[in-house]
Amino acid sequence: MRQLFVLLASAAVVCAAPVAPVAAAPHADTVDLNVPTQLPRNAVPHHYAITITPHAEALGFDGTVAIDLDVTKPTRTLTLNAANLTIARASLGGRGAPLPATVSNDENGQTATFDFGRTVAPGAYRLTIDYSGKINTQANGLFALDYKNPAGAQKRAIFTQFEPADARRFIPSWDEPDYKATFDLTARVPADQMAVGNMPVASSRPLAGGLKEVKFQTTPTMSSYLLFFGSGEFGRITKMAGKTETGIVMGRGNEAKARTALDAEAEILPYYNQYFGTPYPLPKLDNVAGPGQSQFFSAMENWGSIFTFERVLLDDPAVTTDRERQAIFGVEAHEMAHQWFGDLVTMAWWDDLWLNEGFASWMATKATKHFHPDWGAEFGAVGAREGAMGQDSLFTTHPIVQHIRTVEQANQAFDGITYSKGESVISMLEGYASPATWQRGIQAYIRAHQYQNTRTDDLWRAVEAAGAKGLTQIAHDFTLQPGVPLIRVGAVTCAAGQSHVTLTQDEFSADRKPGSFTPLSWHVPLRVAAIGGRPVTVVTSGRETQVTVPGCGPILVNAGQTGYYRSLYPAAAAEQLRASFSRVDPVDQYGLVLDQQALSRAGYQPMGIALDFTAAIPASSPPELSALGLGVWTGLYETFDGDKAAQAQIAAIIEQRYAPMLAQIGLTPKAGENPTVGTFRPQLIAALGNVGDPQVTAEARRLFAALQTNPNAVPGGLKRTWLGIVAAKADAATWDQLHAMARNASSATERQNLYSLLGSAEDEALAKRALDLSLTDEPGKTVSAGIIGAVARQHPDLALDFVLAHWPQVQNFVDLSAQSRFIGRIASGSHNAATIAKLDAYANANIAPTARKPVDQAINVIKVRLASEARIKSEAGEWLRAHPAGAPAAPAAPAPSPTERG
Ligand SMILES: [Zn+2]
């Protein structure tokens, strides 16, 4: 639901000499007329000169913009995007007296139409507009974030967030990605603040009233959604990376916490310059930290001025976990990849959003593997693929390339398919092309299209031209069709040292029974190996594919786990694979465990097969793999919620396998330990606490008591883990203590963490108190939605009822861009059939049919859960009864040594 104000602008049309162009169309019209657009194609902007005066305390701003444009067809009106702006006056300048405009607004279309009273001839003009707008309290358009500085004083900083379609809340503009232009930004801000833009400051001069006027250098040609402006009591630290000044901008006093991010930025930039073959073109690259959070995004790739929420950018020893510290690198690597893929070369329209997001996600994984080979990014990529397949195996999915018609559809396009399926498909295509060929194609693509817009096919053409013959066909199958291929492995025969196997293609579905639908068909690049043998690559064509691989032994499909498909083995072959599990690469073990889980949960095979694979994870595995196994057991424990006997048995499995691992790595981080041990420790502690392990539970209570008098009683990176155990099992007195800690927290991030923990109580009465608290002013504008989200993880129905009952208030906590998915996300954990009807009724009453996909997805997830739960429990229960001593005895090999790096 978007509330737009009616714009009542009416400059009287005075008689003047007919305006004429200053020159006859000096610029070519480079806008692709085939791109879907809501704006009439009668003009092209080339340059915006914007002057902004924010009134941060009053949550408003005044603006003036002069837009140099070409009128390309005779027209009496120009229509621009504008949302929530009040336009005071506008005129069109050329040769002769300027033509004043009468302005009318279309709230739903988010446009303003300027009528000049007579036909304007094609040519070059300047459209000047005086207007005012709002400063929002969620991250849309120009927005404010309130925080306490390190001295405890209340402060307000302002920032902008424009993707996908909110530059129109800041400037009347052609706010569509293919209308690229240059931007001059001038801002009048308090003299003691730092103003930040895409480009370095060109000049600054004092103004009356304690203000200063800051002018930024002209940007390169770029899309409007990449414009950035921020102002506040900032500090900035910098480091040169080649010719580029990299910088982190943060609340004054937080400089030391920005060092990790700055080092990463300066390290990644030269690597990308080399990879893309076109050096980063701006003189500086800042990453601006903002306190608070969004329900929509954590960071944004504004060209030259990335914006990132503090919790994802600052490294605070008091709160930052090892995983979050790694995420600082990963998120920066993602946003920095966009400086080329998205900013320098931009998708023509949101249909191809995945080109930005899939590519940046893939590139971030590549950079992480390059700089931090011991962080386990290869496992993370398989995990991301699994997340995408989860969404992609429901009928509510969509193809990677999808048709976007509305702003709301553009908002919804930022999802797991766009990001993670995009990343996985690119990995698969890079593997098919070979990394060197792929890189040559990317470099040619960037060179050919820099400062312009592209469609997905431009990329395929470039990579094919670099030598990847046949790539376009595979790419089309995976980007234009939805869904997950299923490769059914047939009987294997072995002769003369070679294995022959027939692979049959099908489509994996989690919500439709095989045979009840016509499966789609793909050209799937398969990597098949006999265990221990050399893998063979073959592209499926049609339903059946014969493969011959060297060696005899169990067959492994998707060797290396770069393929986007599932593989279903006959029971005997699956058992052979399981029996040879220790001879399979860890990343393949990881993929196999996930595949078996999904296949069993969807009913393609009994749950017992999946649990056999999980139980086969060796105790001496890398932490990522142990963590996966722990996640599976924990998930099963939750599935049996309410069945005390089954839960006790699963708890015993978890304690028997994982308590020794925790004992071995220790409760506190050790200098020099493998980074993946550091990221595994919190999960171990949390999972053992969750099943009531007595030692972990006692330690959590002890540390909680110690924290009351000594804030350093717990290592910062483990604080949330230990407090999480206490918060989940909290009674009223404990909850009150946590509440006091939240109120007194010194940093914005710690504050958010503690308020969210208040929402994680298992006790329903306490969960209700947390919900009531979220509606008060106490947590702060961007924290309340996080509390509701935390309640929804334990009590989805309670949270949904609350949100539906208080939607007008809750709505204020959620960014406009995330509102349509917020309700679905809150409810999707429900086990209650009545929730389906509630969601449906909500969507029917409040959401346009074109925008209800997130709610339909949540409904579908709940339906699938309800339809499969009884079978999953029955089959898993059977397996548990057959394994009364828990999992099959695992070899008692030690967990990785804390000092071992690898
Ligand atoms: Zn991105």
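**Figure 1. The zinc site of the predicted model****.** Three side chains hold the zinc ion here: His-334 and His-338, each through NE2, and Glu-357 through OE, at 2.0 Å. Read along the chain, these donors fit the spacing H-x3-H-x18-E. Water is not among the atoms, so the site may look incomplete.

**Figure 2. The two histidines on helix 3****.** Take a look at the helix that runs through residues 322-338. His-334 and His-338 lie about one helical turn apart on helix 3, because 4 residues separate them in sequence. Are these two histidines buried or exposed? Both His-334 and His-338 turn out to be buried.

**Figure 3. The fold around the site.** Stepping back from the metal, we meet a protein with 27 helices and 30 strands. Its contacts often reach across the sequence: of those between residues at least 6 apart, 71% link residues at least 24 apart. Burial is widespread too, with 60% of the 902 residues counted as buried.

**Figure 4. Overall dimensions and surface.** The C-alpha trace extends about 90 × 70 × 55 Å along the principal axes of the protein. How does the radius of gyration fit a compact globule? For 902 residues such a globule would come near 29 Å, and the protein has 28 Å, so the two agree. On the outside, the accessible surface amounts to about 32,700 Å², and carbon and sulfur atoms contribute 54% of this area. As for charge, the protein carries 75 positive and 85 negative charges, whose mean positions are 1 Å apart.

Key. Residues numbered from 1 in each chain as written. Predicted model: local features only at pLDDT ≥ 70, side-chain atom pairs only at ≥ 80, totals over all residues. Heavy atoms only, no water. Rg over C-alpha atoms; globule rule 2.2 N^0.38 Å. Buried < 20%, exposed > 50% of the residue type's maximum accessible area, 1.4 Å probe, protein only. Contact = heavy atoms within 4.5 Å. Areas by Shrake-Rupley, 256 points an atom, 1.4 Å probe, with all protein chains shown as cover. Lys, Arg positive; Asp, Glu negative; His and termini not counted. Charge placed at Lys NZ, Arg CZ, Asp CG, Glu CD. Donors = N, O, S within 2.8 Å, 3.2 Å for Na, K, Ca; no water.
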